[in-house]
Every structure is written in structure tokens, then in C-alpha cells.
Amino acid sequence: MRELYTKRTELSNRGTVKITDRSGRLVYFIIGKWGLHPSVLSVYDVSGPLLAEIKQRSLGLFPKFDLYENKKHVGSLRRYYGINREMLFVRGLNWFIIGNLLTFNYKVYHGRKCIMTISEVQLTTGARLEFHIENQADEPLCFCIAAILDYWARLDLKTKAKAPSPRLAW
């Protein structure tokens with residue numbers, strides 16, 4: 001298991017996101033953007049080949065996303081109304097995601113086996129997201145999922161910031 005890092009703010013940005021290892025060596029690029037249908041985010045190996053993609057399949061309050069590995073559909077992800085926002089299920093892969101949108105601490109499980117943990121850490125280069133991924137082959141799909149989680153977290157934060165504050169009446 002290796003530790004990989006990125007800036008959290010980069011996950012939601014349009015353009016290129018860099019994923020590095022502990023020594024700062026570039027490992028993956030994530031390219032794409034969110035907000036328009038059909039939105040696509042692609043994970044590339046540093047040497048160039050496309051490894052995984054996540055595509056927005058529908059719009060609305062609870063959009064659907066499809067996961068692709070080596071151009072083959074492997075799963076889908078969506079939020080469900082009425083279910084705790086910190087629990088998600090990836091159909092097709094049978095991965096269960098549990099965590100906190102505000103602190104961005106997550107764990108992804110397949111059965112009882114932990115596939116990935118995400119936590120925010122403070123390094124000498126600043127605040128970073130730290131990824132512990134059990135199997136190197138799962139890393140590209142895990143980064144696709146992390147990008148969606150960050151996208152939803154930012155949407156929730158914007159919604160809370162725009163909500164009118166209650167007024168006191170005398």
C-alpha cells in the first residue's frame with residue numbers, strides 16, 4: 001500500500017489535477033470538468049495511457065455517474081434522497097463508502113475489506129489529501145470516486161452558505 005497525495009482544492013477545479021507520491025513524484029493526472037452534461041473526468045497514468053473515467057449520466061439534484069476502467073463500464077454511483085449523505089454504494093463494484101463531507105475523511109469497503117481511506121493531512125508543503133489504497137490496480141477508480149465526493153462536498157457547502165439565516169423577531 002502506498003500513500004498518494006493531492007490538494008483538495010484541485011479535485012474540483014477545471015483542468016489538470018496532479019496526484020503525487022510521498023516523495024513528490026508525479027504518479028497520475030486527472031483531467032476534466034464538472035457542471036455540464038455530459039461531464040467527464042479522466043485519470044491518466046503519468047506515462048500517458050487512459051486508466052479510468054467517471055461520466056455524468058444525468059443532471060438534477062441526484063445526478064448519476066458511471067465508472068469506466070480501460071473503457072469498460074464497471075459501476076455506477078449516485079446519491080439517494082432520504083439516505084444519509086455520508087453513506088454511498090457503488091453498484092457493479094459493490095463498494096460501500098462511508099465518511100464525512102465536511103472533514104473529507106472517507107473509507108471505502110468491499111465487504112469487510114478496506115479498499116481506500118482518504119484523510120486531510122498537514123505536510124510541510126501545506127494541507128493535502130492523503131490516499132491509502134490497498135490495491136494499486138484500484139487507484140484510478142478510487143480517484144474518480146474521490147473527485148465526485150469532493151464535488152458533492154463543495155455543492156453542499158455552497159448550499160449551506162446561500163441558505164438564509166434565521167431572523168429574530170421582537
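How many disulfides does a search of the whole structure find? The count is 0. Keep in mind that this is a predicted model.

Let me take the cysteines, beginning with Cys-142. Its closest cysteine sulfur belongs to Cys-144, and the separation is 9.2 Å, too far for a bond. A disulfide would need the two sulfur atoms within 2.5 Å. Seen from Cys-144, the closest cysteine sulfur is that of Cys-142, again at 9.2 Å and too far for a bond. As for solvent, Cys-142 has a relative accessible area of 0%, so it is buried. Cys-144 is buried too, with a value of 0%.

Next, Asp-66. This residue sits in strand β6, which covers residues 64-69. Is Asp-66 buried or exposed? It counts as buried, because its relative accessibility is 8%. Which side chain does the Asp-66 side chain meet in a polar contact? That of His-73, at 3.3 Å. His-73 also appears among the residues that Asp-66 touches, leaving aside those up to four places away in sequence. The others on that list are Glu-53, Ile-54, Lys-55, Arg-57, Gly-75 and Ser-76.

Last, the surface. Met-87, Phe-89, Phe-96 and Ile-98 make up a nonpolar patch there, and together they have about 310 Å² of accessible area. Two strands, β8 (87-91) and β9 (95-100), each contribute at least two of the patch residues. Take Phe-96 as one of them. Phe-96 lies in strand β9, and its relative accessible area is 32%, so it ranks as partly exposed.

That is what I have; questions are welcome.

How values were computed: Residues numbered from 1 in each chain as written. Predicted model: local features only at pLDDT ≥ 70, side-chain atom pairs only at ≥ 80, totals over all residues. Heavy atoms only, no water. Helix = DSSP H or I, 4+ residues; strand = E, 2+ residues; numbered from the N terminus. Buried < 20%, exposed > 50% of the residue type's maximum accessible area, 1.4 Å probe, protein only. Polar contact = N/O pair within 3.5 Å; in protein donor to acceptor, adjacent residues only side chain to side chain. Contact = heavy atoms within 4.5 Å. Patch = residues over 30% accessible without salt bridge, like charges linked within 9 Å, V, L, I, M, F, W, Y side chains within 5 Å. Areas by Shrake-Rupley, 256 points an atom, 1.4 Å probe, with all protein chains shown as cover. Salt bridge = Lys/Arg side-chain N within 4 Å of Asp/Glu carboxyl O.
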